[in-house]
Amino acid sequence: MSRIESLLRAMTLEEKLGQLNLVTAGQAATGPIVPGETTQDIRAGLVGGVFNLWGRDVVARTQRLAVEETRLGVPLIFCLDILHGYRTIFPVPLAEAGAFDPLLWERTARASALEAACEGIHLSFAPMLDVSRDPRWGRIVEGPGEDPFVGTKFAQAKIRGFQGERLSDRGALAATAKHFCAGGAATAGRDYAAVDVSERMLHEVYLPPFRAAVEAGCAAIMSAFNNVNGVPMTSHDKLLNGYLRRKLDFDGVIMSDYTAVTELVEHGVAADLVEAAALALTAGVDMDMVSGAYLRCLPEALARGLVAEADIDAAVARVLRLKERLGLFDDPYRFATPAEGVQEAHRQLALDAARRAITLLSNRGILPLAADVRRIAVIGPLADARADMLGPWSAAGAAENCVTILAGLKAALPACDLIHCTGVSIEGDDERGIELACTLARSADVVVLCLGESAGMSGEAACRATPGLPGKQRQLAESIMATGAPAVALLSCGRPLTAPWLFEHAQAVLATWLLGDMAGHAIADVLTGRFNPCARLAVTWPRDVGQVPIFYASRSTGRPPDANNFYSSKYLDCPVEPQFPFGHGLSFARVTLTNLRINRLEFTLRDEVEARVDARNESEVATEETIFLFLHDVTARVGRPLMELKAWAKVALEPGKSKTVAFTLTAESFSFPGEDMEVMFEPGAFDILVGLSAGRKNLLTASLRMIST
């Protein structure tokens, strides 16, 4: 008899339900604490896992309560939201996605796992895999952007990084793919709001990253707060049991989000908490986060016949199996051993990640800064904002470890006279500092305008109906630019910000996002030309909130936008085109693509299609370029998007040099969900489009035909 079978036979109903109970520790100024009632519940065997608790001593003390003071000694699992770093804070995921570098994504997750495992964490509530095409939604900052193919690669890389080769290794963390699913399509971009999407959108856009996560071996999945087409995800039997368990054969733990089980009553699908607990359990949710509904209400649900004891046993077995895979039964006090010099190595990785996450959006020749610049005015509320550089979900990170933009520029330009003022606050109506800011600007060779959002303006419950510059920052920026001083604008933010006037008037604009510990050094390296920017947008950047949701992979209409046809799909008051397309990003080099060719004009599913393109660096600056390959199924039974990303490649080019870049497409690249949502292949014509972004004007195109399946 296995260990898990023996434990299940020995457990009382109350002890079984305890394993399904995930609780949070408290937060104090000095660090995490365990509330008294939680301590009592652990001693009684009524807790299966704890989150928001870290540190070797407090974790060991808490684990001792479960292992040494309960009847069966089942260890706890310790969890934490580790989205972009644990002690060392890396760029927020939306920024890091712009590196288009799965190895980098994996390395930052591995570093985070090692740091967290040293302090007793076993499971990360990450990666966040919600595809989002709406910058109003605060949680767009936590994920890989708008494209499901990018989401699949991001999922695979992060899970490899967190989990390593074996979950039982001391430096491994169990990964939790969240939030399943479609939270990024929330109505009006509001967190927790209802989601109404077609089956096609689910299967083409929102489910693929989770499928990739399951195939990569993720240990856990967290269900989303939102409903999907009227059914809350916490009780969505069709998607949890049907899609995850049966179709994908996922055998890991499914957990609810924070209090989401009890919220089924507010959703209007459960009459009381007993029904809510029963609905969640029978839909496939194993662990109840924080609400306590399973512990309090499943006994009554069992008595009413709403659940069977076999349902409870199956959920408990999955939780115990995860603990066994983590090696907790053999070593409940497992801690990774910190390696000498690892913290400094992680800070160097954070610097590299931050530099690779900065997107140069526009540049009228002012960057990199000229060597003869002697006086720089560093102006704006984000110039010296340590805590805001961390971004949301900064785990055990500390603001004092953050390098601000001002500090980074001082370190990079010791001979330069740097003058600084905030001008205005991030939010608020006080404009009194603008006059001083303008005075400083007039005396400077260059102004570095540090604008954007606070860390708290992105993430959960941080949605914005008008995602432009908050407070009086626009007034500050316009006043500075009215002085005639050359201005470089830095946008520290967790989402694209609608500011077309800024792109029109500033000499350069960079999306510096929320870059973590090494933000200031990374930004200084780019501004001075020590690092050639190479990030590309993982999300389309709108001109105006009225364009939202906006994304490159749209389907055609019978009346596509046509300036010469009044009755076509366009706006009266705004261009249809975004401010910047998906994949946009400039560098200090100039790369041209030529000679797109493919190895065959006709193919079957047994054939591989190889596309090649020549990339040439026309400048005198070495560069790293990202080249995208999109596919268009010209005529299909189900109308296909005008462009679908199928591959990308990164190429390093020395000045004046050329390289040939090759892409290989397999049968999967040409598939799509049919009318029954099952994978299908359809013979016909396809276009291959290759370019430096999804901007259609500069794409190279080749055509081929599938002749049979």
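Two strands pair if DSSP finds at least two bridges between them. With six bridges, β19 and strand β21 (residues 609–617) count as a pair, and they run antiparallel. That pairing is one piece of a predicted model, whose chain is split into domain 1 (353–547) and domain 2 (591–706). Here's a quick tour of the strands, the domain interface, the salt bridges and a few backbone oddities.

**Strand pairing**

- Let's stay with β19 and β21 for a moment: Leu593 stands opposite Ala615 in β21.
- β21 also has strand β24 (residues 658–665) as a partner, with eight bridges joining the two in an antiparallel arrangement. Look at Asp614 for an example, as its bridge partner in β24 is Thr660.
- Over at strand β28 (residues 700–708), three bridges link up with strand β20 (residues 602–604), and these two run parallel. One spot to click on is Glu602, whose bridge partner in β28 is Arg705.
- β28 is also joined to strand β27 (residues 684–691), this time by seven bridges and with the strands antiparallel. Here Val690 has Leu700 of β28 as its bridge partner.

**Where domain 1 meets domain 2**

- How far apart are the C-alpha centres of domain 1 and domain 2? They sit 35 Å from each other.
- On the contact list you'll find four residues of domain 1 and eight residues of domain 2.
- Together the two domains bury about 450 Å² between them, and carbon and sulfur atoms give 33% of that area. On the domain 1 side, Asn532, Cys534 and Arg536 supply 84% of the area buried against domain 2, more than any other three residues.
- Four residue pairs are in polar contact between domain 1 and domain 2, counting pairs with both residues at pLDDT 80 or more. Sorted by class, the domain 1 side that touches domain 2 has two charged residues, one polar and one nonpolar.
- Two salt bridges turn up across this interface.

**Salt bridges to look up**

- Glu624 pairs with Arg356 in a salt bridge, with 2.7 Å between the closest N and O atoms.
- Across the whole structure, the search comes up with 44 salt bridges.
- Another one to pull up is Glu324 with Arg3, where the closest N and O atoms are 3.5 Å apart. Glu324 belongs to helix α14 (residues 309–325) and Arg3 to helix α1 (residues 3–10), so this pair ties together parts that are 321 residues apart in sequence.

**Backbone oddities**

- Some background first: most residues other than glycine have a negative phi, and most peptide bonds are trans.
- Which two residues does the cis peptide bond with an omega of about -10 degrees join? Those are Lys178 and His179, and His179 is found in strand β7 (residues 174–180).
- Val548 and Pro549 are also joined by a cis peptide bond, here with omega at about 0 degrees. Pro549 is in the loop between α21 (519–527) and β19 (591–598).
- Asn229 isn't a glycine, yet its phi is positive, at about 55 degrees. You'll find Asn229 in the loop between β9 (227–228) and β10 (231–232).

Note on methods
Residues are numbered from 1 along each chain as its sequence is written. This is a predicted model: local features need pLDDT of at least 70, side-chain atom pairs count only at pLDDT 80 or more; totals for chains, interfaces and linings use all residues. Side-chain values use heavy atoms; hydrogens and water are left out. Domain bounds come from an automatic or database domain assignment. Contact means heavy atoms within 4.5 Å. Buried area is the accessible area (1.4 Å probe) that two parts lose on being put together, summed over both. A salt bridge is a side-chain nitrogen of Lys or Arg within 4 Å of a carboxyl oxygen of Asp or Glu. A polar contact is a pair of N or O atoms within 3.5 Å; within protein, one must be able to donate a hydrogen and the other to accept it, and residues adjacent in sequence count only if both atoms are side-chain atoms. Ala, Val, Leu, Ile, Met, Phe, Trp, Tyr, Cys and Pro count as nonpolar, Asp, Glu, Lys and Arg as charged, and the others, Gly among them, as polar. Helices (H or I, at least four residues) and strands (E, at least two) are DSSP runs, numbered from the N terminus.
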